[in-house]
Structures are given as structure tokens and as C-alpha cells.
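Grab your viewer and work through these exercises at your own pace. Each task comes with a solution that goes step by step.

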Amino acid sequence: MDQGGQLDNLSPILSDQVLVNGTAVPLTLTGDGKLRFLGQRQRCLTVEKEVLGFAVEEGSRIRIKAVVEEREGICCCGNRGDLVRESFVFEPLSEDSLALWSQKLRDYIDSLETKHQLHAKEVAKTMDLSKYDGIVCVSGDGILVEVVNGLLEREDWSAAINMPIGMVPAGTGNGMVKSLLHAAGEQCCVSNAILAVIRGYKHSLDVATISQGKTRFFSVLMLAWGLIADIDIESEKYRWMGSARLDFYAIQRIFYLRHYNGRICFVPAPGFEDYGEPMSFHCRPTDEESPKQEESLKTQQHGYLGSDVKLEDMHWRTISGPFVSVWLHNVPWGSEDVMAAPNAKFSDGYLDLIMVKGLPKLALLSMMSNMNDGSHVESPYVTYIKVKAFILEPGTRVEDPTKEGIIDSDGEVIARGNVTYKGNQKPLMAYDKVQITVDQGLATLFAPK
């Protein structure tokens, strides 16, 4: 197996023997993005132009999904030059080779979308929006989140956030585009997503503001703490497995289950007022700015500062831990195969809260296996309600009080406690109390209808 250096764009990034239809052939990924299959049927794919993505399948195979120019002998209809969908399947000869091919392909494809983390946010924050009718994210959910945050950090945020955003699935999760297409009765695939953008129909989307003191983050998909956050973030070390990493790591976490101390506070939607215990809302000094501090903040910070709703005037309820999982969702699907919150709506002004406390491991395993159709929320161990505002006060692990947890929003680490999975990016907030409010229909998405 040859891993090329950084000599020039023609040097191989990776070159190795792989199986294609049971025959060992050389396969090379070059620095200029050419994927070359040698052997009896030589093929060359340009990753940037022709490759839509790839998936790791059972049996250690990698399937490259591509759109290629039709060639004589491949199809019996149409003119030469038409674009057709094709898949190219190969099988690395070892687990190490499988992991390396997956990582190199993922890294190269990711490099074509944005140059570094938060690059899409920078682009959305500074681009001249008057030149465009919309923004299209060819990615998973992460780029969408960056774009929304970039638009809301602009001086002209109130106009910018009306820019419609389209989604084309090309990531691990694709929860937002799955939710949009499923709501219209359409399959989640690239062609349907592109047609939704072309048709130009629009749908408003709630945006949640997650705040801690002066720090804010705008979320459009979900917030998780406990089991779901641990699976989502800690499974990153198995990213070469594609979406299968989530199922693989979930089984590990279920058998070595963690429980977290802590407390949640929430303003229930109508019909859910009986959940939890009543409480009075009191702001901490760090959360409540004086008029002078507030004015100073507005002059220092451009962009949207979050909802001005009076939280102290709302009717709050509270539930104390230990918790296995606390999960807030804005749309029904968390990924293409996880219907996290079946009753979630795009612009109802509420977040769906899915909470799990104590339960047997077998019951948890059964519940997790039902997430593909949303029936997990019917488990007697699940509390499923809608909330208008929410406060999370995260604590330590019950099993080991020296260790804490992860707060995950839209696939990014918002806060990381002591002795948790260490990532490259510094968390935005401290592992402490966070507050969440919802702005109904603040953003706009291209939708199928």
C-alpha cells in the first residue's frame, strides 16, 4: 500500500490492490482528485466532477456513487454525452486498507466543500447576498448550521436570514433534507433534493438560540446530552465506517451505560403542563445583563442576539436526574435512518423533548432499534413532550463523579466536561447551565412543496 507525499497534484494520495468483481486490480487516488481503476476495464473518475459520495457496505466493500458521461456500450439509449448514474464497488484486502481508503476519500470530498471548520459560516457572514437568489449546501447538516449562524451574525441579519437555503444530501447524517423530503412523501436522494431547489418552493424553519452568558449559538436540528451526545461525538474516531459508526458505537455505549446527574427546566407547550414539578424562574447574575451591560453588548456584537421573550413571565417546570439521555429536536429526522421526533414540525415554535431516565439495558437496546420509524417514543421509559423554552443544568456521571459529559448541538460539541472525548475544536461554552429559546419560522428553506 502506497501513501503518496505532498509532491504535486499528480502524486498518489493512496495506491493499493483491491478486489473488483473478485479480481485483484490496482486502484489509485491522485492528488488532483482522479480515482483510477486499472485492469481489464480501466476507468478514471474525477472526484470533484463525477463522485456524489461513497458508502461502506457489509462485507468490507466500498461503493462509489457517481454521475458519469454515458459511453458507447454502457447504455442502449440516449446520445453520447448524456449523464447517467453509476456505482463502482471495490473491496480493500484488509481492515487497515478499508479504514485508510474510507478516511482518504472522506478527507478529499470534504476538502471540496469547505476549506476548514466554520469556513461556510465565514462565507455566509461576508458574501454579497444581493447577487444570489438562494444558498445551496451540498453536505450533511453541519454546513447548513454554519450558514444559518453566519447569516444571523451579519449586521443585516434580519434581511439575510430570509435568504432561502437548499440542502443536497452529501454527509453522514442528512437529517434536515430527510425531514423535508419525507414530509412531502419523497425519497431522500440527491435528485429529489435538487428538484426541490429548482422548483423554488419555500418553507419556514424554527431556529433555537442556545445561550450561556454572552455566548450564543443558533441551532436548527437538535441538542443532545447523555447517551445520544456520547454516541454522536465519541463515534467520530470510527468516521471511516460512514453512518455505520453510529450503530457500532451505540452498542458499546448501551452495554457500558452511563447515567448523568443534573436537572432540566422547561416551559411546556399546551397539553404538556402536567410533566415535571412547578418552579420559579430566576436568572443567574452571569445570565442577566444590566441595562448598561446590555447596551455595551449590542455595540460590541453585530447580528441577532436571540429572542427577547421574557422568560420570567413563563410557567416553568423542572425534572431532576439521574438521566440516561436528554434530546431536543427541531425536525423529525436526526439522520436518514433515525426518526428522532416523529411529531416535530418545522415551524410550530416548539422543540420536541425526548428524555430517558432509568431503564434496563435490554429495554434500551429495543428502544434504540425502533428509532428508524419513531416508535421508540412510545416506550414507557421515554418522556416525549413539546417545550417553548428549556434550560439544561448538566452534572457528573453517577458511576464516576470525576467525569462529566458532552453537550452536542447539530453534531458539534457545544460544551465538554472533565475527562470526556477530546476533539480538536475548543468548545464554544463551559460545561454548565445553558438556556434555549425558540424563534418561530426565523429561517427559510427550499422545500419540495
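Buried means under 20% relative accessible area, exposed means over 50%, and partly exposed is in between (1.4 Å probe, protein chains only). This is a predicted model: local features need pLDDT of at least 70, side-chain atom pairs count only at pLDDT 80 or more, and totals for chains, interfaces and linings use all residues. Residues are numbered from 1 along each chain as its sequence is written, and side-chain values use heavy atoms, with hydrogens and water left out.

**Exercise 1. Get an overview of the protein chain.**

Step 1: start with secondary structure, where helices (H or I, at least four residues) and strands (E, at least two) are DSSP runs numbered from the N terminus. The protein chain has eleven helices and 23 strands.

Step 2: check burial. Of its 449 residues, 49% count as buried.

Step 3: look at contacts, meaning heavy atoms within 4.5 Å. Take those between residues at least 6 apart in sequence: 69% of them join residues at least 24 apart.

Step 4: turn to the surface, with areas from the Shrake-Rupley method with a 1.4 Å probe (for residues, only the protein chains shown count as cover). About 21600 Å² is exposed, and carbon and sulfur atoms supply 49% of that.

**Exercise 2. Which residues touch the most other members of the largest nonpolar core?**

Step 1: pin down the term. A nonpolar core is a set of buried Ala, Val, Leu, Ile, Met, Phe, Trp, Tyr and Cys residues joined through side-chain atoms within 4.5 Å. As background, nonpolar side chains tend to be buried together in soluble globular proteins.

Step 2: list the hubs. The largest core has 89 residues, and Met176, Ile264, Met368 and Phe390 touch the most other members. Helix H4 (residues 141-152) is the top contributor to this core, with seven residues.

Step 3: place the core. Domain 2 (119-204) and domain 3 (211-281 + 304-441) both supply residues, so the core lies between them; the domain bounds come from an automatic or database domain assignment.

Step 4: zoom in on one hub. Leaving aside neighbours within four places in sequence, phenylalanine 390 has contacts that include Ile264, Trp316, Leu353 and Val434.

Step 5: don't miss the other core. Apart from the one around phenylalanine 390 lies a core of 24 residues, among them Val18, Val68, Phe88 and Phe90.

**Exercise 3. Why is helix H6 called largely enclosed?**

Step 1: count. Seven of the nine residues of H6 (residues 175-183) are buried, so the rest of the structure largely encloses this helix.

Step 2: name them. The buried ones are Gly175, Met176, Val177, Lys178, Ser179, Leu180 and Leu181.

Step 3: find the packing partners. Those buried residues pack against H4, strand S9 (165-169), helix H7 (190-199), strand S10 (202-212), strand S17 (333-335) and strand S23 (434-446).

Step 4: step past the helix. H6 is followed by glycine 185, which has a positive phi, near 75°.

**Exercise 4. Trace the salt bridges of arginine 258.**

Step 1: set the rule, which is a side-chain nitrogen of Lys or Arg within 4 Å of a carboxyl oxygen of Asp or Glu. It gives a count of 13 salt bridges.

Step 2: take aspartate 230. Its side chain meets that of arginine 258 in a salt bridge (3.1 Å, N to O). Aspartate 230 lies in helix H8 (residues 227-234) and arginine 258 in the loop between H9 and strand S13 (260-268), so the pair ties together parts 28 residues apart in sequence.

Step 3: take glutamate 234. Arginine 258 forms a salt bridge with it too, the closest N and O atoms being 3.0 Å apart.

Step 4: check burial. Arginine 258 counts as buried at 14% relative accessibility, and glutamate 234 is buried at 5%.

**Exercise 5. Is serine 325 buried or exposed?**

Step 1: locate serine 325, which is found in strand S16 (residues 325-329).

Step 2: read off the area. Serine 325 is buried, with a relative accessible area of 5%.

Step 3: look across the sequence. Serine 325 and valine 356 are 31 residues apart in sequence and 5.1 Å apart in space, C-alpha to C-alpha.

Step 4: contrast with aspartate 313, in the loop between helix H10 (291-300) and strand S15 (316-320). Aspartate 313 is exposed, with a relative accessible area of 58%.
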